[in-house]
Amino acid sequence: MSAATLYGLCSAVLVGLGLFGLIVHPQPLRKILAFNLIGGGVFLLFGVVARRGAAAGFGGDPVPQALVITGIVVAFSATALAVALLLRLFQETEQATLRLDE
Amino acid sequence: MPNSATAGGFLLVLAIVLPVVGVLFSVVLGGRHAERIALILMPAGLAVAVAIAVGVWRAHNVLQYFVGGWDPPLGVAFRADGLSAAMIVTAALLICGIGLFARAQFPSPKQAETRAPLAFWTLLLAVWGALNAVFLGGDLFNLYVALELLTFAAVPLVCLDGRAETLAAALRYLLFALFGSILYLLGAVLLYGAYGTLDIVLLSGRIHAEPAAWTAISLMTAGLLAKAALYPLHLWLPPAHAGAPAPASAILSGLVVKAPFFLVVRLWFDVMPRVPVHAAAQVLGALGAAAIIFGSVLALRQGRLKLLIAYSTVAQIGYLFLMFPLAGRPETGHPWSTAAWTGGVLQAISHAFAKAAMFMAAGLIAEALGHDRIAGLAGIGRALPITVFAFGLGGLSLMGLPPSGGFVAKAMLLTAAVAENQWWWALVVLAGGLLAGGYVFLVLARALADSNEPLTLLKTISPGRQTVVLALALCAVLLGFVPLRPSELLQIGRPDIAVVGLR
């Protein structure tokens, strides 16, 4: 098994775990963490894709690396926004859940 | 398609840069100037949008611009075809209308800084810039970034008033949107890994039917459906759209949900015109049909006006996705298949105007009455005749009665359904029209009824704001006068075979 395949499988596991968490857990904070887990998997996949470009004959495809930096910045801002909303919700209602009506 | 940047390509950059510059200036100069900055940029942005549309029409070809002079696959392209031009003009007109309407609701503070006006005007410009980036982007990763910017600008609009319900609605919206965007990004990586490019034009030449392409496109489509709130991923939409302030609801329901739909169209018709997707298109159509029926029935059962309108958005989004099974692929090029394509796009545009007008009308009614319970609307038709008339005109388009953009759109979808021998979609379109008639009538009947006790309005609504709402509703009606055949503007930049099918 080559390193690229191993990392590819790792990223698949991360995405799977994250998807499971995002769908199954009702708590928003866990959902945010799960989103970051999927994000980690996707970014790892970027690395794998860059490495496979390297296998085609040149020393590492730089484009996915440029993309992954942007992706991380976007995921970071998304997480920050989500956590800010959650904190504000907690201040207003004293609970960190989306089921307000119950 | 030309391989270099075309004349007028700078307009595409301007369409994105103008609102972004506005956002930066608003943040730096603060809330007392945010409104003025937005009002200055609106006519400028509208002029740019019209210039792009005229440019596309004159050249009868795609306008494009390569950032930094680097050609794809290394560089990033912006392209405007007929579809982008139509969407950009729609967005500009709506933003201008919503901006004029919102002046009374989010006025510039005289003395101290207040949060709501700064946030609203800045986010309005941010949504505009992000929408233009979505409509013009030619690179799938760039489109991901544009889509995320749109989400980040749209989510805070939901909770401008800071109440706990709207905060929860915003958070739920954000979680759905993040789920959608991460799936989209995953699909984009897979496409890059398989074909070595993310440029739409290059990709459409390299992609072919194989597991990698199917997986990537399915992931991206599923993610976009969550963002477009197609049934059954619509759960976040009603509380978010109904809880936002009226001008914000108009932006969210009219424009923001159209951006992911636009990207699904891009993916299915531009990125993979060569990949056979017949069965998958039927699935999208079935989800659309379910959205029409469930959304309309739920709308009928709502007690609050804004929630009714929000559920009607769920239903009207369903119509957009009927386009996929009906709009034939280039290789099957049935003459009427392009009509379904035009019908779907026209539905997106006319729904944008109609729904924005209806949400703003509902906002005015709520401001005047202090509530938006449908049961308590009696007498409002006499107090705010222009507003209720505008609401009715918007409803005309939702029902699909002539003359309205909704009528032309639904007539084209119907014709395509019959011509393509897929009559079951025609039944859905007709049933959806009847149900829409039901919920619009429900509101109008209450609003036009005489009330027993004299109606006391909490505040008087200026005629100017009512006129803005009426103007947007009239735009939806005027779209009913576009000829009942595939639009030539929308065909610019489409594969040639699809255009030949028209003759």
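These questions and answers walk through a predicted model with chains A and B.

User: How many helices and strands does chain A have?
Analyst: Read along the sequence, chain A follows the pattern α-α-α. No strands turn up, as their count is 0. The tally for chain A is 3 helices and 0 strands.

User: Is chain A a compact globule or more spread out?
Analyst: Start with the globule rule, which gives 13 Å for 102 residues. The radius of gyration of chain A is 17 Å, well over that value. Its C-alpha atoms fill a box of roughly 60 × 25 × 15 Å along the principal axes. So, compared with a compact globule, chain A is more spread out.

User: What percentage of the residues of chain A count as buried?
Analyst: A residue needs 20 or more other C-beta atoms within 10 Å of its own to be buried. Chain A has 102 residues to test. The buried share is 35%.

User: In chain A, what share of the contacts with a separation of 6 or more comes from residues 24 or more positions apart?
Analyst: Take the contacts in chain A with a separation of 6 or more. Then pick out those between residues 24 or more positions apart. They account for 51%.

User: Which element gives the most to the side of chain A that touches chain B?
Analyst: In this pairing, 29 residues of chain A are in contact with 22 residues of chain B. On the chain A side, helix H1 (3–24), helix H2 (28–55) and helix H3 (62–93) each give two or more residues. With 15 residues, the top giver is H3(A).

User: Which class of residue, nonpolar, polar or charged, has 20 members on that side of chain A?
Analyst: The side of chain A that touches chain B includes 5 polar and 4 charged residues. The class with 20 is nonpolar.

User: Which element of domain 2 of chain B gives the largest share of the side that touches domain 3?
Analyst: The domain assignment puts domain 2 at 158–275 and domain 3 at 284–503 in chain B. Across this boundary, 21 residues of domain 2 are in contact with 28 residues of domain 3. Helix H9 (237–243), H10 and helix H11 (258–271) of chain B each give two or more residues to the domain 2 side. The largest share, 7 residues, comes from H10(B).

User: How many of the residues of helix H10 of chain B are buried?
Analyst: Helix H10 of chain B spans residues 246–256 and is mostly covered. Among its buried residues are Ala246(B), Ile251(B) and Val256(B). The count is 11 of 11.

Methods
Residues numbered from 1 in each chain as written. Chains lettered and ligands numbered in written order. Predicted model: local features only at pLDDT ≥ 70, side-chain atom pairs only at ≥ 80, totals over all residues. Helix = DSSP H or I, 4+ residues; strand = E, 2+ residues; numbered from the N terminus. Rg over C-alpha atoms; globule rule 2.2 N^0.38 Å. Buried ≥ 20, exposed ≤ 12 C-beta atoms within 10 Å, placed from the backbone. Contact = placed C-beta atoms within 7 Å. Nonpolar A, V, L, I, M, F, W, Y, C, P; charged D, E, K, R; others polar. Domains from an automatic or database assignment.
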